[in-house]
Amino acid sequence: MSQLRHFGLFDEVTALSSVSGGSLAAAAVSLKPLTSEADFDVMASQLRRDYLSSWVYRSANPINFVPTLTSGKNATRILADVFDTGIYKGAVYGDLGERKPGKPSLYINSSHAHRFVGADSLTTRGLNSSEASLQGFTFTDAAFKEIGSDLNQLRLADAVAASAAYPGLFVPLALKNFNAETDIYHQASPKFLHLYDAGSSDNLGVDALIRAYSEILVGTQDLSCLLILVDAHVNDRGDLSGSLADTRSSMIDYVISPSIYRAFDSLLEQRREWQLDMLGVPLASDQSFRFNPNVNIPLKNYAFSGKGNSVGRGRHFAVDESPALTPSRSINHANCAVWHIGLDRLLELTKKGNPRKRNAFFQQAAADEYRDDSYRDNQLIRLDRFVNSIQTNYKLALNGPGRCDEIPIQNSLFEAARVLMTTDTDSSTKLVTWLKENHRENLSQNISDLLASKAMQDQKELVQVPRYLVQEPNSSHPLASWINCIK
């Protein structure tokens, strides 16, 4: 988001959709936009705290432990309290204010634990399949009105915790449906919505954006559309657990089988790749676009609880948009540009990189496929290995027993964002062309000039990577290789 701001693009963003741990940053930026380097530094400090350990400590505290057995207090509510203390300071949705340049509409997403029948606004289907159990939920005014509640009174931290409530570790967040006893749904409806991690229904947060876009169109007006997918999926290449008969490596593994997490992660990856394929980014292809300027996305594929409602329902999501309408024309598909910015695509920016080689590091020797005489490429390889070893569990740490401070880990993510957005000449050229073709000539020229000066600077500027060593498995830690930072 900071790089988009430097590009001048963030002021053009109309909607910010987030999933799981990404909701921490999305909600923080929506509450306090990044208007200066000081804002960036403050937010960076807030987001590098160890929220997982804080959650464990609070959960083990008798003050919280007893209420979890006797009241509605649970692991997810405690997680929300941790986020609220560290980032949001009691802020509620009503504190977000009106949308304006640099402050897009915020769509935090989660998943329904149970099928919700008969609702217009309580499921976000978008590119999901017709399978009724795949129901996403987006925190919007329309959704809360449909359950007789007021979104403005909800803590941001509660929505973020619901979006990040990983199954097996956290319980769903319960929202009371005050309209359950009315005839608004024309059939019996649940008294509560149970919401958990958004990843299982939509691991990229795209569905809410497609639905919002379709409602802006009101079925008639074709508008330019750029989807920017910030994908924090990582591909840790150090897992060697196949060499062991028993993969349980800690005491908690004897209580909760690690296969639960592996199975869920596998499903998330499958869902992600399928959705990217639908968005014109086929990862399995030799020609997998990082920027695809021409993707045809169907809009009338919403199957809200079997009712089949589509773009003509009314503009629940994006009521602040007022497009000029073109009479007598129905829009069934969106023609969008899609920009996929993924941590696991760094290797494609090396001179010898291509999508089919992305798993080369499963065998260490295969790294030479990417290596040439360029020191920059060698640094890209090292940065890729580093950022794809970062855990995604509410703290900044690397997989394995190695030690590395939070600041170099966070700085490596900032560096990956810089590299992915400023040195990917193929994507940036397509972006500049697309903006020009869609009547953003000034913005197109500004970005072109910025990238031209940046290219001159990058000839002297090296890719910055924390100093580290790769440690091989040993008798104490036989599961995988790991990284140790060097101070």
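Here's a quick tour of this protein chain, from its overall make-up down to a few residues worth finding on screen. Keep in mind that the model is predicted. The chain has 487 residues, and 50% of them count as buried. Its fold includes 14 helices and 10 strands.

**The chain as a whole**

- The protein chain exposes about 22,700 Å², and carbon and sulfur atoms supply 52% of that area.
- Take the contacts between residues at least 6 apart in sequence: 73% of them join residues at least 24 apart.

**Aromatic rings**

- Searching the whole structure turns up 10 aromatic pairs.
- One of them brings together Phe 137 and Phe 144, with ring centres 6.5 Å apart.
- The planes of Phe 137 and Phe 144 sit at 55 degrees, so this pair goes down as tilted; the edge-to-face label would need over 60 degrees, and stacked would need under 30.
- Phe 137 has a relative accessible area of 0%, so it is buried.
- Its partner Phe 144 is buried too, at 3% relative accessibility.
- Ring pairs also link up into a cluster made of Tyr 51, Trp 55, Phe 83, Phe 170 and Tyr 394.

**A charge over a ring**

- Look for Arg 382 next: it lies over the face of Tyr 468.
- The distance from Arg 382 to the ring centre of Tyr 468 is 4.1 Å.

**Two residues with positive phi**

- Lys 89 isn't a glycine, yet its phi is positive, near 55 degrees.
- You'll find Lys 89 in the loop that runs between helix H6 (75–88) and strand S2 (105–112).
- Is Lys 89 buried or exposed? Its relative accessibility is 57%, and the cut-off for exposed is over 50%, so Lys 89 counts as exposed.
- Tyr 394, from the ring cluster, also has a positive phi without being glycine, with a value near 65 degrees.
- The loop holding Tyr 394 connects helix H11 (375–387) with helix H12 (406–422).
- Is Tyr 394 buried or exposed? With 15% relative accessibility, Tyr 394 counts as buried, because the cut-off for buried is under 20%.
- Put side by side, these two loop residues have opposite labels: Lys 89 is exposed, whereas Tyr 394 is buried.

How values were computed:
Residues numbered from 1 in each chain as written. Predicted model: local features only at pLDDT ≥ 70, side-chain atom pairs only at ≥ 80, totals over all residues. Heavy atoms only, no water. Helix = DSSP H or I, 4+ residues; strand = E, 2+ residues; numbered from the N terminus. Buried < 20%, exposed > 50% of the residue type's maximum accessible area, 1.4 Å probe, protein only. Contact = heavy atoms within 4.5 Å. Areas by Shrake-Rupley, 256 points an atom, 1.4 Å probe, with all protein chains shown as cover. Phe/Tyr/Trp six-rings, centres within 6.5 Å; stacked < 30°, edge-to-face > 60°. Lys NZ or Arg CZ within 6 Å of the ring centre and 35° of its normal.
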